[in-house]
Amino acid sequence: MFGYFKKTTQKDENQNGSGIKVELQTNINSGDLKNEHSDPKFKFSPLRSTDVHLEDYDNEKYKLKFIQIVTRHGRRTPESNKTPLTMWMCNSMDHLISNKDSPRPDCAPGQLTVLGIVDQINVGKIYRKLFIDHLGFLDGQYNKDQIFIRSTNTTRTISSARSLMHGLYGGSFTDEQEKSPHHSSFLVKADNEENMYPRSSTKLVFLKNLLKQHPQVIRENERSELEKFTKKVNQIFENSKPEESGFRVRGFRSYAGLVNSFDCFRNNGLPIPKGLTNDIIQRMYEESAKEFKNTKYFPEISILSIGRFVDDLNKELKLKSTNDPSVKDLKLSLYSGHDTTLAALLVAYDMYEDKIHPVTSSALEFLLMQEKDYKEPEVKKLTKSIEKELINHQYVKVIYNHKPVHIGPCKDKEVDGMCPLSEFLKISQSIIPTNYEEQSKLTQIDKKRYTQLVEK
């Protein structure tokens with residue numbers, strides 16, 4: 001069991017009696033949290049809501065049939081070693097959950113920190129309370145046939161998946177500790193096959209660079225006086241003294257990159273420059289979200305950046321909706337990814353309703369719901385007519401950090417706040433590339449056409 005937790009206090013109902021509230025333990029041994037670099041005033045707390053409403057998952061009309069959860073990893077160290085990584089607190093991969101390292105190992109660039117581990121354990125605890133204790137949707141003991149786990153090939157996402165699974169079922173999910181599947185049993189694709197985050201291609205890079213010249217982007221930046229704000233932020237870094245904070249940036253290229261670096265300090269209890277007030281920090285997060293949202297002006301960006309992963313998700317969803325024997329017992333698929341994974345999905349489905357950058361430990365859920373009073377036909381062979389009938393009685397609900405969000409192209413077709421599965425599959429198909437390799441290429445004709453679009 002994770003040594004940082006005292007006995008967890010839990011409440012089963014929220015104020016309106018329709019949901020659950022998990023009061024997560026946030027008291028952590030000071031020796032496991034702080035060192036001489038830490039801000040003495042820092043107190044650990046979850047970065048997002050932990051309130052869950054049961055009616056979103058089960059009510060008198062619909063039942064949960066399957067769920068796909070796409071997460072962002074927990075708090076981490078910076079991906080560069082420009083700042084001494086001894087400022088952060090990390091566990092080794094061998095003792096990720098048990099916290100038995102002595103002495104504590106040095107952190108590596110981009111590694112999940114002790115607090116990042118706690119983040120994901122807390123997320124797993126919430127899902128245990130929901131899917132096991134309240135809904136009885138998952139078995140009380142880990143059943144490998146019920147859960148599929150995939151992670152990108154980074155230690156922080158693999159560690160995040162292991163930590164979440166510990167919160168859900170206990171165990172360490174390593175080779176040698178307890179009787180749990182080890183992390184290498186998670187599906188981790190080779191780098192050249194990975195599609196859970198945007199991969200650089202000639203056309204994608206060109207379009208992202210061209211976004212800065214898009215008339216609507218320029219107008220919004222002028223309206224919000226972004227240039228003035230950016231100068232103010234840069235001046236704060238210029239005035240910051242080394243003894244004040246190790247977080248110092250010179251001429252950042254994007255707010256998404258700035259926020260990611262900033263998170264590594266503030267969210268791990270390390271001092272930040274005094275000039276970064278709460279209002280400025282909020283604006284930084286909002287500008288990062290705008291950078292993600294601006295990609296909607298070129299739909300090809302969604303197709304190239306996340307379309308292949310959408311294809312993977314939809315193939316799995318389609319198999320489950322039609323009761324394919326290959327997924328007979330599957331109930332939950334967990335995908336451990338990055339901020340770019342979540343942001344790209346939110347933009348692609350036009351459901352990025354939040355104002356800020358996806359925080360660490362965020363979760364995006366695709367719920368497959370089915371009408372409770374519908375009796376599925378018993379068939380030996382799936383025909384097109386039966387497939388259509390099954391699909392017509394199922395819906396997709398999307399929940400982001402425990403709050404329902406709505407798919408833009410499906411809003412006028414929603415049924416009880418959900419997108420009919422048939423519509424969801426059609427919308428998804430518009431995001432999936434028909435030929436990724438060919439669509440990734442950039443011709444001179446393409447360059448001229450896109451350039452003319454932004455010059456109008």
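**Exercise 1.** Work out how the lining of the second largest pocket splits by class.

*Solution.* Start with the classes: Ala, Val, Leu, Ile, Met, Phe, Trp, Tyr, Cys and Pro go down as nonpolar, Asp, Glu, Lys and Arg as charged, and the others, Gly among them, as polar. Sort the lining and you get 12 nonpolar, three polar and 11 charged residues. One caveat: this is a predicted model, where local features need pLDDT of at least 70 and side-chain atom pairs pLDDT 80 or more, while totals for chains, interfaces and linings use all residues. Residues are numbered from 1 along each chain as its sequence is written, and side-chain values use heavy atoms, with hydrogens and water left out.

**Exercise 2.** Find which element gives the most to that lining.

*Solution.* List the elements with at least two lining residues each: strand E3 (62-72), H9 and H11. Helices (H or I, at least four residues) and strands (E, at least two) are DSSP runs, numbered from the N terminus. Then pick the top one: E3, with three residues.

**Exercise 3.** Place serine 336 and decide whether serine 336 is buried or exposed.

*Solution.* First, locate serine 336: strand E5, residues 332-337. Next, check the relative accessible area, which is 1%. Buried means under 20%, exposed over 50%, partly exposed in between (1.4 Å probe, protein chains only), so serine 336 counts as buried. Last, follow the side chain of serine 336: it reaches the backbone oxygen of threonine 157 at 2.7 Å.

Notes: A polar contact is a pair of N or O atoms within 3.5 Å; within protein, one must be able to donate a hydrogen and the other to accept it, and residues adjacent in sequence count only if both atoms are side-chain atoms.
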